[in-house]
Each structure stands twice: as C-alpha cells, then as structure tokens.
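Please look over the sequence and the fold below before reading the notes that accompany them.

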Amino acid sequence: MDFFKEMEDRIPKGKVRTRFAPSPTGYMHVGNLRTALYTWLIARRNGGTFILRIEDTDQGRLVEGAVDVIYKTMAECGLDHDEGPDVGGPVGPYVQSQRRELFGKYARLLVEKGGAYYCFCQKDEEEAEHDEEIGKQVKKHVCACRDLPLSEALARAEAGEPCVIRQRIPHEGTTTFHDASFGDITVENKELEDQVLLKSDGLPTYNFANVVDDHLMGITHVVRGSEYLSSAPKYNLLYQSFGWEVPTYVHCSPVMRDAQHKMSKRHGDPSYEDLIREGYLTEAVLNYVALLGWSPKGEMADREFFTLQELAEVFDISGISKSPAIFDIAKLRWMNAEYMKKLSPEAFYAKAEPVLRTCIHDPSIDLRKVAALVQSRCEILSDLPARVDFIDRLPEYDPALYVHKKSKTTLENSLDSLQAALPVLQKLDNWTNEGLYEVLVALAGEKGVKNSVILWPLRVAVSGKESTPGGATELCALLGKQESLARIEAGIALLSGK
C-alpha cells in the first residue's frame with residue numbers, strides 16, 4: 001500500500017481529538033498547565049479523545065527527567081490522556097523524535113506538490129545576504145534556490161549537498177487565518193518568510209512538525225499561546241498545499257506577572273511544582289488557572305469555585321478572553337484558603353501532618369489537635385511552621401504585645417491578670433478548653449473586667465505571638481497544664497522586670 005495512503009487511513013475520524021504537546025524542558029509553568037487544562041476540557045466536554053505528545057525535536061533545550069515531570073504533573077492534576085507515549089494509541093509513536101523519518105517523507109512530498117523547495121544557501125548567507133525589506137521591516141529569506149528546477153534540486157540533495165527544505169510562500173495575494181478567539185486574521189503573503197521546514201540534520205522545525213503531527217493524529221482543536229498567531233497563516237498555507245483540513249485553532253492570550261511582563265521562570269515566577277511545594281492544593285491551582293483567561297457563561301457567570309468535573313461540564317471555547325490574564329498570587333492564596341477550609345478534618349490532617357512534624361517535636365503534643373486549630377486559619381501549608389513554632393518552644397517576645405487597644409489591656413493590667421489567673425489555674429483539674437474558659441470567665445466577672453482583659457494576656461504569655469491559631473484557652477489545653485503554667489510564670493517575670 002502507498003505509504004501516504006496508509007498514513008491517512010490510520011487517522012481516527014468522527015469525534016473531537018485534542019492534544020497537549022509540551023517540550024520536555026524541565027518544569028510545567030502556569031501557561032503550559034493552562035494549555036493542558038483547556039485542551040483536556042475541550043476533549044472531555046465533547047466526549048472526545050485527549051492525546052499527550054512529547055515534542056522533543058529541539059535537542060538543545062531538553063532536560064533530563066523532564067518527561068517524568070510532565071507525567072507526574074498531569075497525573076496529579078487528573079488530566080488523564082487517552083493516547084500517548086506511555087499508553088500507546090492508533091497513531092503513534094507519540095514522541096516527535098521517534099517520527100523523524102516520517103517528517104522527511106512529508107517534507108519531500110511537499111516539495112513535489114510545489115509547496116516547498118530545497119535551499120542550499122549557507123547559514124551565514126541566509127543571515128547576512130538574503131534579508132530584505134518588503135513593505136515593512138520584515139526579515140524574508142529570498143534566494144535563487146526557490147526557482148531551481150526540481151530535477152536539479154533533487155539531484156543536488158541526493159548527492160549529499162547540505163540543504164534545508166523551506167516552505168514556498170506565494171509572493172502575491174493574502175492569506176486569511178481563522179481563530180476561535182480572535183476571529184479572522186488576514187496577512188499579505190509578501191510579509192511571510194519562506195520558513196525552514198526540515199533542517200539540514202533531518203529534524204523538522206517546530207512549525208512543520210506540529211502541522212504534520214496534528215493532521216496525522218486527527219487533531220480537531222489546537223490550543224496554543226497567542227504568541228503563535230503571527231505564524232498561523234503559514235500553517236494555513238501548509239494545510240492548503242497538502243490538501244488537508246485545517247483544525248479549529250484556539251489562541252490564548254498570555255498569562256502575565258503584571259500589566260507589562262509575561263510570567264517567566266527566570267524572573268522568579270512560580271511553576272506548578274513550585275506552587276505545590278509552597279503548600280498550594282492542586283485542586284485550588286487548577287481552579288484558579290482555569291479562570292486565567294476564561295469565564296463561564298449564563299447562570300454560572302459569577303461562580304468562582306469549580307471541581308475539575310464541573311469544569312468539564314461547563315467549559316466552552318466562547319468563554320476564552322482575548323485580553324491577557326494577570327496572575328494574582330494574592331487571589332490564589334485566598335482561593336487556596338477556601339479550599340483548605342472545605343477539606344474534611346481527616347483530609348486536612350493528611351496534608352498538614354508532614355509539615356507539622358518538621359516544626360513540632362514534642363511527643364506529648366497531639367498533632368491532630370494542632371491541625372484542627374490551624375485549618376480555618378491556614379492559607380497555604382508552608383505558612384504552618386511560622387504559625388505553630390511557639391508550641392515546641394516559647395520564643396523571646398516583646399512585652400509590648402500585652403498592650404492591645406481592642407482588648408483594653410496595658411502592661412499593668414496584663415501583669416495583674418496573669419498574677420490573678422495563675423493560682424486559679426494551678427488548682428484547676430478540668431484542664432480542657434471548656435474547663436479553662438469557665439474559670440477564666442468567672443475570674444473576669446469577679447474582677448469586674450471584660451473577658452479579654454484576662455484572656456489576651458494569657459494568650460500572649462503561652463504563645464509569645466500576636467497572632468495564634470486559637471484563643472488562650474485552646475492553646476493552654478493543647479500545651480498541657482505544666483507547660484502552660486511555666487509560660488504564665490515566665491510572662492509574670494517578664495512584666496515584673498525580673
């Protein structure tokens with residue numbers, strides 16, 4: 001059977017097919033994760049097939065172990081793929097470098113169809129001698145190779161003369177490209193460069209490999225960053241030259257650090273892995289990333305919280321914005337805190353326990369009780385050490401913490417409150433949150449002061465902090481009677497100047 005016919009016969013048809021095609025460069029940045037998520041959602045919403053393809057033809061940028069990072073991230077996020085390098089499928093292989101011979105055949109086919117040509121120019125000639133200004137400042141490769149008779153070009157290439165294969169862009173007319181987000185985009189062909197499709201080493205360029213693979217894998221929808229919009233008309237011309245159907249393109253505006261700058265790993269912006277290491281929940285990150293450039297319609301328009309399955313039910317391409325999205329870490333922290341609060345106590349403890357063990361070493365402390373105290377006050381897991389470090393050891397603190405305007409406490413009445421509370425607590429047998437609260441409120445009543453005049457100084461004395469994961473009685477119950485009394489006595493000594 002003819003090779004090209006056999007390849008065409010392999011292409012699945014009749015349903016939506018999308019692909020996520022990352023380069024294994026070491027980490028999954030937020031923009032990549034958003035592309036993967038949108039691509040997965042389009043497939044799932046339409047009952048289609050989601051494909052993972054590894055694009056590793058740019059050998060200079062490959063990072064060892066990066067493919068494992070991709071698999072791990074996709075699995076953690078629940079973005080399961082139906083076809084890919086690890087699960088196979090009808091149109092493999094799904095690693096671009098393993099398709100090298102295939103790209104060469106399609107590049108030569110395109111030459112025969114008149115959509116490309118062999119170029120024998122040396123690299124320095126390409127850069128120095130064949131740039132010219134056409135219309136506006138545009139670099140455009142122009143050389144005599146374009147007009148070589150096909151028989152002569154083939155003979156030179158088969159004789160081993162170094163060459164590349166370039167796309168033959170028409171010099172006249174225009175090309176119109178349609179994008180689902182940006183609509184029709186028309187460019188004059190004279191502004192498009194005869195881009196290299198197949199390099200002298202036989203490897204395809206990114207743009208050529210994408211077109212060939214997307215067609216042969218039956219991809220119906222392509223999600224990519226808007227920075228590729230300028231290249232999009234060239235894709236149309238490639239599809240036309242081959243006689244292939246153009247997929248639906250969905251270009252997404254970039255994720256920005258601020259109004260002027262795109263997010264960048266080298267400028268310290270976090271990757272997905274960074275966010276997880278900092279203690280963000282995968283579910284919160286996915287929810288937030290989904291809303292970076294997309295918004296639901298209709299009755300869901302004001303909704304902010306979605307599970308992955310809910311997103312798959314409501315996601316629609318029409319909700320994708322043409323405006324850049326600002327990555328607001330404060331908004332993500334808020335959303336993550338809301339997710340933390342909604343976890344069951346058991347689920348929160350499972351996530352918090354490894355962190356708590358790094359900063360609480362006293363075996364008498366019940367970490368489950370600590371987790372219960374901090375859950376409603378925790379934004380990200382990496383906040384926990386700073387919030388609970390006082391449990392293991394009372395830190396040095398400034399007596400000024402005892403002065404609290406709202407609680408109406410001063411250095412003087414704080415000392416008085418601690419001195420009055422100490423003997424009461426020494427006699428207390430019911431050392432529970434409820435038992436502690438009962439006797440201390442009764443003490444405040446006897447002294448004719450607000451509850452806070454007793455409770456605030458006690459809270460400072462046992463924690464040495466202005467902000468704590470719980471009130472005075474909760475902290476005392478957690479620390480135990482002996483440790484609490486020792487800290488109260490230390491507070492009295494500090495306020496007495498002893």
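The briefing below takes up strand pairing first and then one helix.

This is a predicted model, in which local features need pLDDT of at least 70 and side-chain atom pairs count only at pLDDT 80 or more, while totals for chains, interfaces and linings use all residues. Residues are numbered from 1 along each chain as its sequence is written, and side-chain values use heavy atoms, with hydrogens and water left out.

**The three-stranded sheet**

- Three strands (strands being DSSP runs of E with at least two residues, numbered from the N terminus) form an open sheet in the order S3-S4-S7, with antiparallel pairing, where two strands pair if DSSP finds at least two bridges between them.
- Strand S3 (116-119) and strand S7 (196-198) lie at the edges with a single partner strand each, so one side of each has no neighbour in the sheet.
- From one strand to the next, the twist averages 45°, an angle taken between N-to-C directions of lines fitted to C-alpha atoms and running from 0 to 180 degrees.
- S3 and strand S4 (residues 164-167) run antiparallel and are joined by four bridges, with Tyr117 opposite Arg166 in S4.

**The hairpin**

- Strand S5 (residues 174-179) and strand S6 (residues 183-188) run antiparallel and are joined by six bridges, and a hairpin of three residues connects S5 to S6.
- Within this pairing, Phe177 stands opposite Ile185 in S6.

**Helix H8**

- Helix H8 (residues 232-242; helices are DSSP runs of H or I with at least four residues) is largely enclosed by the rest of the structure, because nine of its 11 residues are buried, meaning under 20% relative accessible area with a 1.4 Å probe and protein chains only.
- Among the buried residues of H8 are Lys234, Asn236 and Phe242.
- Gly243, just after H8, takes a positive phi of about 80°.

Notes
Buried < 20%, exposed > 50% of the residue type's maximum accessible area, 1.4 Å probe, protein only.
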